[in-house]
Structure formats: structure tokens, C-alpha cells
Amino acid sequence: MSSSADQLRVQESSLWVRAQVMPYVLFMGFLLLSQFGGELIEWNHPAAPWWRRWPNQWIYPLQTVVCLGYLIRHWRFYEFHWNLKWSLIAVVFGAVGIGLWLLPTTLYDHWKLEGETTGLMKWFGVAERKDGFNPHELEHPAAYFFSLVMRFLRAAVVVAMVEEIFWRSFLSRFVHKMDGSYWKLAFGVHSTKIMLVTTLAFTFAHAPVDYAGAICYGLLTYLLYVRSKNLGACVIMHATANFLMGCYIMAYGKYGLW
């Protein structure tokens, strides 16, 4: 009986770890496909079919559908525990966090800068951020609408869940107790090591131009993680931030932020 129970616990822990990690692995796999495979597929010519002219216009939606499907299938392993109080606080945190993230490129426009910045301004992300995923590339209204909806779904739902599940639910526990029982730890345990590792890992998962914003955002998320002890609140913070960023991108043409 004891051996059988142990085997069940090992199997359950393995399933739990896979459910926390695989969405992020799948997401990053599609990013690699976009970065390297997209270059091989891309043919920027008026005669090229849309799927070759703009590979990201089908890679990103496919990424969204696959990752969302995986999350839904493994929903029972995610401890969201939605709470109205912390959800509202998370919305405020998300707005503040993305405000800090967008401040450098906003200052770039406010100061009427041109070209690439250097030194500290470059490190802090003071840049134009115009080149990137642009749904306006698709001229057909239905294609434009589909592309835009999928992009917001990707940013505000899939990215928010995939990253918070990985950074907060999995990595925070793993960093705190690197043995076979780390998955049993309560959510929201405070540790300087957790704060440093998760914030730096989150930062380096982004482009250098976003490092300053990612550090500020990562520390704010850590504060919410510790205070709320609620994965759902962290997801809502991330979803709010990414939704507001998407609105900012579309309003000001800052497609490089995608």
C-alpha cells in the first residue's frame, strides 16, 4: 500500500510539474520557430502568398491556440483562486507596472528624439519601438480583425497565464526548495532568493531594450505574489498590463513593443 501510494504521489508530482512548465516550453518553441523558421519561410515580395510574406501572422495565432488548448486541458493543476479584492488590486498593479515599462518610449517621443539612443538612455529603453508585429499589414478587414483579436488574446490571456504559471507557480517554489517536495509548498512564500531569481529570469527572457521595465515590473509582481499569495491576482496583473500595452501600441504605432 505504501509503495503504491508513493508511486501515485510521484506520478501526481510529475504531472503537476509538466503542467507548470510545458506551456512555457511550447510558447518559447513557437518564438524560436518565428525567429529562425520565419526567416527561412519569409518572402517579402508583392507576389508572395500572405503566409510567406508575413509568417508571424500565422505563427502567433497557432502559438496562441496550442498554448491555450494545453492550459485548458491541464486546468486542474493551476491554483488561481480568484478573489475580488486582490483582482482589483492586481488591476492597479498592472496599470502601474506597464506605465513604468512604457515610460521610456513615451519619453523618446516627448523629447522628440531621432535614431538610436546610446548609453544610459539606451539601457533604460528610451527608443522609438516602431518596428514589429503590425496587423495593418493585412489589408483585408476580416484578416486584420482576426489578427488583432488573436494578438490581444495571445498577450492578455495566453502570455499572462503561461508566464505567471511558470515564474510564480513553478519557479518560485523550485528555487525555494530544490528537492522532490517543492511542488507541495504554499504559494506566495517570501524569500530574497525567489525575488532575485524570478525577477532576473523574467528580465532576461525579454529583449535588452526592455530590461529596465522588466525589472520594475518583475519586482512589482513579486510584491503582489507575496502579499496576495494568489496566482490568479498575478495573472490578472499581467493580463491588465498586456491589454493596456496593446491599446498603447495600436494608438501610437509602437509595434516594436509586441
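User: If Ala, Val, Leu, Ile, Met, Phe, Trp, Tyr, Cys and Pro count as nonpolar, Asp, Glu, Lys and Arg as charged, and the others, Gly among them, as polar, how many residues of each class are in the lining of the largest cavity?

Analyst: This is a predicted model, where local features need pLDDT of at least 70 and side-chain atom pairs 80 or more, while totals for chains, interfaces and linings use all residues. Residues are numbered from 1 along each chain as its sequence is written, and side-chain values use heavy atoms, without hydrogens and water. The cavity (on a 1 Å grid over the protein atoms alone, points where a 1.4 Å probe fits but cannot get out) has lining residues with an atom within 4 Å of a point. Trp101, Phe124, Arg129 and Asp210 are among them, and the lining divides into five nonpolar, three polar and two charged residues.

User: What is the volume of the largest cavity?

Analyst: The whole structure has one cavity of 30 Å³ or more. Its volume, the space filled by probe spheres set on grid points joined across faces, edges and corners, is about 50 Å³.

User: Which helix gives the most to the lining of the largest cavity?

Analyst: The protein chain has nine helices and zero strands, which are DSSP runs (H or I, at least four residues; E, at least two) numbered from the N terminus. The helix that gives the most to this lining, with three residues, spans residues 84-110 and is helix α4.

User: Which element gives the largest share of the lining of the largest pocket?

Analyst: A pocket is an open set with protein on both sides within 12 Å along at least five of seven lines, and the largest pocket holds about 1,200 Å³ of space. Its lining has 45 residues, of which Leu31, Tyr60, Arg151, Arg154 and Trp258 lie nearest its centre. Two or more lining residues come from each of α1 (2-41), α3 (56-73), α4, α6 (141-176) and α9 (231-252). The largest share, nine residues, comes from α1.

User: How many charged residues are in the lining of the second largest pocket?

Analyst: The second largest pocket has a volume of about 210 Å³, and its lining includes Glu116, Lys122, Glu128, Arg129, Lys130 and Asp131. Arg129 also lines the largest cavity, as does Val209, which is likewise in the lining of this pocket. Whereas the lining of the largest pocket has 23 nonpolar, twelve polar and ten charged residues, that of the second largest pocket has two nonpolar and two polar residues, and its charged residues number six.

User: What box do the C-alpha atoms of the protein chain fill?

Analyst: From the N terminus on, the elements of the chain run α-α-α-α-α-α-α-α-α. Taken along the principal axes, the box filled by the C-alpha atoms is roughly 70 × 40 × 35 Å.

Methods: Ala, Val, Leu, Ile, Met, Phe, Trp, Tyr, Cys and Pro count as nonpolar, Asp, Glu, Lys and Arg as charged, and the others, Gly among them, as polar.
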